[in-house]
Amino acid sequence: MTHIITSLCLRDSGCVDVCPVECIVPGIPQEEWPWFYIDPDTCIDCGACIPECPLEAIFTEDEVPSDYTAVGGEYISRVGLSGHYEGTNHHGEAVVLDTVKQLEAGEVVDLTEDIQPNFDYFESGPGYSAID
Ligand code: SF4
Ligand code: SF4
């Protein structure tokens, strides 16, 4: 198993420093890999990252919801979406995303679609060289 970051991630980066095996990396290029990704081969499932995420974007692989119900106002960030987001990350740095959609209260989203990109990023994407 592994832990999975979903498209609720807005690149806050708060989870990165708590990971004891340094397996959380930002998606690069951002337009193609909009959120942060966990290397599934390195993650030791310690769970330390989950409470660090202010957006509650991290789940164990088997708990990623297929029917995430929006509170309303939160964003998902996926390739193909065209909404605009500006915010500030954990370190006070600006975050700008143009691959977002703001969710309406009660809107249901299948977040299990976000599982495979966490594997793809490291198996065939730019993350392949990001982790030694
Ligand atoms: S803390 Fe949450 S929003 Fe920030 S990078 Fe990690 S998963 Fe993404
Ligand atoms: S569960 Fe632990 S090892 Fe896995 S990404 Fe989170 S902090 Fe890192």
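## Around ligand 2

Let's start with ligand 2, which has 14 residues around it; Cys19, Cys43, Cys46, Ala48 and Cys49 are the closest. Sort that shell by class and you get 11 nonpolar residues, two polar ones and one charged one. Cysteine goes in the nonpolar class here, and Cys19, Cys43, Cys46 and Cys49 are among the closest residues to ligand 2.

Keep in mind that this is a predicted model.

## Around ligand 1

What about ligand 1: which residues are the closest? They are Cys9, Asp12, Gly14, Cys15 and Cys53, out of 15 residues that surround the ligand. The class split for this shell is 10 nonpolar, two polar and three charged.

## Fold and overall shape

Now for the protein chain itself. Its secondary structure comes to nine strands and one helix. Reading from the N terminus, the order is β-β-β-β-β-β-β-β-β-α, with the helix following the strands. The chain is as compact as a globular protein of its length, because its radius of gyration of 14 Å is close to the 14 Å that the globule rule gives for 132 residues.

Along the principal axes, the C-alpha atoms take up a box of roughly 40 × 30 × 25 Å.

## Burial and contacts

How much of the chain is buried? The figure is 32% of the 132 residues.

As for contacts, take those in the protein chain with a separation of 6 or more: 75% of them are between residues 24 or more positions apart.

Key
Residues numbered from 1 in each chain as written. Chains lettered and ligands numbered in written order. Predicted model: local features only at pLDDT ≥ 70, side-chain atom pairs only at ≥ 80, totals over all residues. Near = placed C-beta within 6 Å. Helix = DSSP H or I, 4+ residues; strand = E, 2+ residues; numbered from the N terminus. Rg over C-alpha atoms; globule rule 2.2 N^0.38 Å. Buried ≥ 20, exposed ≤ 12 C-beta atoms within 10 Å, placed from the backbone. Contact = placed C-beta atoms within 7 Å.
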